[in-house]
Amino acid sequence: MNKVSVAIYFLSMSISLLCAYALADPIKIDDINYTSTIVEVGAGQPTIVASDINADGNQDVVIANASDNNIITYLSDGKGTLNRGGIFAAGDSPSGLALSDINADGHVDVVVANHETSYITVLFGKGGGTFVEPPHSPLNINVKPHPHVVKLSDLDGDETPDLIVDNRSHNGLLVLKGLSAGRFKTPGKVINAGGDPYRGFAVRDINNDGFEDIVTPNQRDIGVLLNTGDKQMRFSLSMLAQPESPFAIELADMNGDGNHDVIVATNGSVITIMLGDGRGNFLKVAKSEFNASAGAKQIATGDINDDGIDDVLISSWSGEVLAILGTKSSFKSISFKHPQISNPWSLAILDINQDGKSDFVIGDGDSKRAAVYVSSNDL
């Protein structure tokens with residue numbers, strides 16, 4: 001190959017690379033300008049979680065790649081860039097992620113829900129953003145038909161994270177008490193949620209008693225499970241009827257009153273916010289509804305505009321992402337699309353450039369791409 005051919009080759013490669021990572025049109029949310037870049041992830045519908053996994057004070061991103069049977073990490077430099085970290089085996093079909101220090105060694109660990117299996121995978125953080133699978137992983141938990149979503153939360157108040165997994169065939173959740181050294185007590189305890197929490201659940205203290213409670217999206221209602229606080233991980237169940245089947249659900253303080261509110265997305269096009277009263281009730285008369293594009297998948301929460309009030313992002317398979325900004329009065333919403341993210345699936349909200357305003361990552365459900373949106377005041 002002569003010098004001219006080499007120059008043309010490298011020029012064409014550079015153009016291809018620029019096209020692959022081309023910026024989409026900037027978007028504006030509540031007077032905050034965002035620019036985006038594309039990063040490569042693995043195959044399969046992704047799950048994205050944000051956490052500081054290398055203890056440098058910056059929030060990083062962990063992404064589960066369902067078809068590649070691994071997780072990939074992107075490490076934040078605190079200046080607006082996510083740099084690719086490592087790739088770690090995560091069992092078959094990783095579909096859900098939960099991050100916490102479960103073995104009390106000061107490093108963030110990962111628990112993975114392995115779809116189409118009967119087990120979960122545990123990965124211990126080793127510092128610097130690396131992970132290793134301990135000898136007691138994978139852990140057979142025998143949920144039916146298989147795990148979709150995992151959460152880590154201290155349900156019994158012993159300062160050790162417990163593991164919560166959806167258990168659809170038993171109309172509820174499976175809770176495994178957290179033990180020392182990053183282990184969980186098996187076979188676990190089945191918690192009745194009154195229905196089939198197919199695509200997840202949310203865990204927060206919704207009645208302000210110091211114990212974590214749970215809400216679940218069932219077939220035609222929402223299960224509200226209040227922790228009795230008796231150290232036995234028992235819950236009292238009430239049902240909140242819904243006109244349409246809820247698909248995704250989250251908890252956040254959307255009006256800044258100190259109480260958690262419930263955000264519900266149907267698989268159609270309706271997003272509902274019902275305000276919590278701080279006693280475990282959600283007020284039907286004080287609700288707001290938003291129209292979104294069809295196929296809602298996941299909800300991410302965080303303070304996007306740095307006003308001290310929670311906001312949400314909601315992904316929809318049909319292409320749009322809906323942002324709802326919490327306020328003390330009426331909520332505000334904006335929808336947007338990224339030209340290279342055809343089927344938004346998973347999202348995470350984090351501050352990548354340390355400017356106090358939240359940035360976000362959106363994973364495509366039908367490609368190996370994720371869009372990274374970073375706030376910018378230079379436009």
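The legends below describe close-up views of a predicted model.

**Figure 1. The surroundings of Thr121 in strand 9.**
Thr121 belongs to strand 9, which covers residues 119-127. With a relative accessible area of 1%, Thr121 is buried, because buried means a value under 20%. The side chain of Thr121 reaches the backbone oxygen of Ala90 at 3.5 Å. Ala90 is also one of the residues in contact with Thr121 when neighbours within four places in sequence are left aside. The others in that list are Gly91, Val110, Val111, Val112, Asn114, Glu133, Ser137 and Pro138.

**Figure 2. Strand 25 and its two partner strands.**
Strand 25 consists of residues 311-316, and 6 of the 6 are buried, so the strand is largely enclosed by the rest of the structure. Both faces are covered: Asp311, Leu313 and Ser315 are buried on one side, and Val312, Ile314 and Ser316 are buried on the other. Strand 24 (residues 296-302) runs antiparallel to strand 25, and 5 bridges join the two. Within this pairing, Ile314 of strand 25 is the bridge partner of Ile299. Strand 25 also pairs with strand 26 (residues 321-325), again in the antiparallel sense, over 5 bridges. Here Val312 stands opposite Ile324 of strand 26. Strands 25 and 26 form a hairpin with 4 residues between the strands, and in this hairpin Gly319 takes a positive phi near 125°.

**Figure 3. The cavity lined in part by Ser316.**
The structure holds 1 cavity of 30 Å³ or more. The largest cavity has a volume of about 30 Å³. Its lining is made up of Asn291, Ala292, Ser293, Ser316, Glu320, Val321, Leu322 and Ser335. By class, these residues divide into 3 nonpolar, 4 polar and 1 charged. Ser316, which helps to line the cavity, is also one of the buried residues of strand 25.

**Figure 4. Gln219 in the loop between strands 17 and 18.**
Gln219 is located in the loop that lies between strand 17 (213-217) and strand 18 (221-227). At 40% relative accessibility, Gln219 counts as partly exposed. A polar atom of the Gln219 side chain lies 3.1 Å from the backbone nitrogen of Asp196. Gln219 and Ser245 are 26 residues apart in sequence, yet their C-alpha atoms are 5.3 Å apart in space. Leaving aside neighbours within four places in sequence, Gln219 is in contact with Gly195, Asp196, Ser245 and Pro246.

**Figure 5. The largest pocket and the second largest pocket.**
The largest pocket contains about 990 Å³ of space. Its lining has 39 residues, and those nearest its centre are Ile48, Val49, Lys151, Glu250 and Ile299. Several strands supply at least two lining residues each, including strand 3 (47-51), strand 7 (94-100), strand 20 (246-252) and strand 28 (344-350). Strand 24 gives the most, with 6 residues. By class, the lining of the largest pocket has 20 nonpolar, 11 polar and 8 charged residues. The second largest pocket holds about 210 Å³ of space. It is lined by 13 residues, of which Gln45, Ser95, His115, Arg199 and Trp345 are the closest to its centre. This second lining divides into 5 nonpolar, 6 polar and 2 charged residues.

**Figure 6. Backbone geometry at four loop positions.**
Most residues other than glycine have a negative phi, and most peptide bonds are trans. A cis peptide bond joins Lys144 and Pro145, with omega about -5°. Pro145 lies in the loop between strand 11 (139-140) and strand 12. The peptide bond from Thr186 to Pro187 is likewise cis, with omega near 10°. Pro187 is found in the loop between strand 14 (172-176) and strand 15 (189-192). Glu116 is a residue other than glycine with a positive phi, near 65°. The loop between strand 8 (109-114) and strand 9 contains Glu116, and at 55% relative accessibility this residue counts as exposed. Asn208, also not a glycine, has a positive phi near 55°. Asn208 lies in the loop between strand 16 and strand 17 and counts as partly exposed, at 45% relative accessibility.

Key. Residues are numbered from 1 along each chain as its sequence is written. This is a predicted model: local features need pLDDT of at least 70, side-chain atom pairs count only at pLDDT 80 or more; totals for chains, interfaces and linings use all residues. Side-chain values use heavy atoms; hydrogens and water are left out. Buried means under 20% relative accessible area, exposed over 50%, partly exposed in between (1.4 Å probe, protein chains only). A polar contact is a pair of N or O atoms within 3.5 Å; within protein, one must be able to donate a hydrogen and the other to accept it, and residues adjacent in sequence count only if both atoms are side-chain atoms. Contact means heavy atoms within 4.5 Å. On a 1 Å grid over the protein atoms alone, a cavity is a set of points where a 1.4 Å probe fits but cannot get out, and a pocket is an open set with protein on both sides within 12 Å along at least five of seven lines; lining residues have an atom within 4 Å of a point. Grid points are joined across faces, edges and corners, and a volume is the space filled by probe spheres set on the points. Ala, Val, Leu, Ile, Met, Phe, Trp, Tyr, Cys and Pro count as nonpolar, Asp, Glu, Lys and Arg as charged, and the others, Gly among them, as polar. Two strands pair if DSSP finds at least two bridges between them.
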